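Thank you all for coming, and please have the sequence and the model open while I talk. I will go slowly, beginning in the middle of the fold and working outwards.

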Amino acid sequence: MIDGFTIIDGHAHTYMDDLAERIITSFTALHMMEPSPSIGKGTYDDLAGSMRNNSLDMTVTANFGPVKAVDRINAWTLDESKRRGCIIPLVSVYPGMSADALEALVAKGAKGIKMHNGIQEYDACDPGLDDVYEVCSRLKLPVTLHCGEVSRHHLNDLTDEPHMEDAVRTHPDVRFVITHLAGGDPDTVFHLASRYRNIIFDTSIAFTGEHCIHRIHDDFWEDDSDAAEAFRKVGCDRVAFGSDYPYGNPISDVRRILSMDLTDEEKSLILGRNTLRLYGMD
Ligand SMILES: [Zn+2]
């Protein structure tokens, strides 16, 4: 808790201890990220230390990996989050995953779904995901979608905004988190926000106060008053703070939100309450 506000980081990643350094090195190289001392180590221990040092209350881990590794990563994510507490774990999916398999993960503590369609190389509307979406609708499991480009590297078009919009439009009974402020383009945010009620936006990377990633998107979010006005236009009940730890630094973004010309109610929603409500923990 900071200044009386409950702080929930709505978007972070953790990796197994023996793989974290290698994954972060290759990810930052692939995405041509500027070297920054604020990049975390990406392990649960490092995340826990960062949360403790920065007075964060909870963190959503949006772990995923290549399709062939998803089952293993899901099992590890749920084990670790159960053991450690203060973690809201998401699991990842793939076309062909059965309803039973997903329900078993929910029984073990999964609170939602994460897809990174560009890295996982399947379409968010792949018919093989029909069972997954049916479970998400029935059990009210939110789906977090990587959206847009957050670096100079364009992997493929699977996370481009039209694909994300297709997923949101064709699953109106599923709630979605559109990450990275839809890749950072404010017009896309306004377009999606005005058309679809079943989405909220996370602030990760696009809004960050740290310049740890080469920007290819609009610099619109760098201006505090423009950002505050945009949050109000979207609705502060539909914007959630996320850091993308280890790539983003949670505390600099929290401090920036606290310093913005928003009401305490609006800050409280963005910094934690929207995410708690999304996962039925309010
Ligand atoms: Zn992420």
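Let me begin with strand 6, residues 176-178, and strand 7, which pair in the parallel sense over three bridges. One of the residue pairs to look for here is Val177 and its bridge partner in strand 7, Ile200. I should say at once that what you see is a predicted model, so please keep that in mind throughout.

Staying with strand 7, which covers residues 199-202, we can ask which of its residues point to one side and which to the other. Ile199 and Phe201 lie on one side, Ile200 and Asp202 lie on the other, and all four are buried, so that both faces of the strand are covered. This fits a general pattern, because in a regular strand the side chains alternate between the two faces of the sheet. Moving across to strand 8, we find that it is joined to strand 7 by two bridges and that the two run parallel, with Phe201 standing opposite Val239.

Now let us step back to the whole sheet. It is an open sheet of eight strands, in the order 1-2-3-4-5-6-7-8, with parallel pairing. Strand 1 (8-12) and strand 8 (239-240) stand at the edges, and since each has a single partner strand, one side of each is left without a neighbour in the sheet. Helix 3, residues 70-84, packs on the sheet, where it touches strand 2 (58-61) and strand 3, and its direction makes about 170 degrees with that of strand 3.

Strand 4 is a good place to practise reading the sheet. Strand 3, residues 87-92, is joined to strand 4, residues 112-115, by three bridges, and the two run parallel; among the pairs, Val91 has Ile113 as its bridge partner, and Ser92 has Lys114. How does the chain get from strand 3 to strand 4, and what is the handedness of that β-α-β crossover? The chain passes through helix 4, residues 99-107, and the crossover is right-handed. On its way through the sheet, strand 4 points Gly112 and Lys114 one way and Ile113 and Met115 the other, and all of them are buried. Strand 4 is also joined to strand 5, residues 143-145, by three bridges, again running parallel, and in strand 5 the bridge partner of Ile113 is Val143.

That brings us to the interior. The largest nonpolar core has 76 residues, and those touching the most other members are Leu145, Ile178, Phe201 and Ile270. If we leave aside its neighbours within four places in sequence, Leu145 is in contact with Met115, Ala124, Met164, Ala167, Phe176, Val177, Ile178 and Thr179. A core of this kind is in line with a general tendency, because in soluble globular proteins nonpolar side chains tend to be buried together.

For the protein as a whole, the secondary structure comes to 12 helices and eight strands. The radius of gyration is 17 Å, close to the 19 Å that the globule rule gives for 282 residues, so the protein is as compact as a globular protein of that length. Along its principal axes the C-alpha trace spans about 45 × 40 × 35 Å, and buried residues make up 48% of the 282 residues. Among contacts between residues at least 6 apart in sequence, 75% join residues at least 24 apart.

Finally, a few local details of the backbone. His180, which is placed in helix 8 (residues 180-183), has a phi near 55 degrees, a positive value in a residue other than glycine. Ile205, in the loop between strand 7 and helix 10 (224-234), likewise has a positive phi, near 65 degrees. Is Ile205 buried or exposed? Ile205 counts as buried, because it has 28 C-beta neighbours inside 10 Å, and the cut-off for being buried is 20 or more. Asp223, found in that loop between strand 7 and helix 10, is exposed, with 11 other C-beta atoms within 10 Å. The last detail is a cis peptide bond joining Tyr245 and Pro246, with omega about 5 degrees, and Pro246 is found in the loop between strand 8 and helix 11 (250-259).

How values were computed:
Residues are numbered from 1 along each chain as its sequence is written. This is a predicted model: local features need pLDDT of at least 70, side-chain atom pairs count only at pLDDT 80 or more; totals for chains, interfaces and linings use all residues. Two strands pair if DSSP finds at least two bridges between them. Two residues are in contact if their C-beta atoms, placed from the backbone, lie within 7 Å. Axes are lines fitted to C-alpha atoms, for helices over the stretch in contact, and angles run from 0 to 180 degrees between N-to-C directions. The radius of gyration is taken over C-alpha atoms; the globule rule is 2.2 Å times the number of residues to the power 0.38. A residue is buried if 20 or more other C-beta atoms lie within 10 Å of its own, exposed if 12 or fewer, and partly exposed in between; C-beta atoms are placed from the backbone. A nonpolar core is a set of buried Ala, Val, Leu, Ile, Met, Phe, Trp, Tyr and Cys residues joined through C-beta atoms within 7 Å. A crossover is right-handed if, with the strands pointing away from the viewer, the path from the first strand over the helix to the second runs clockwise.
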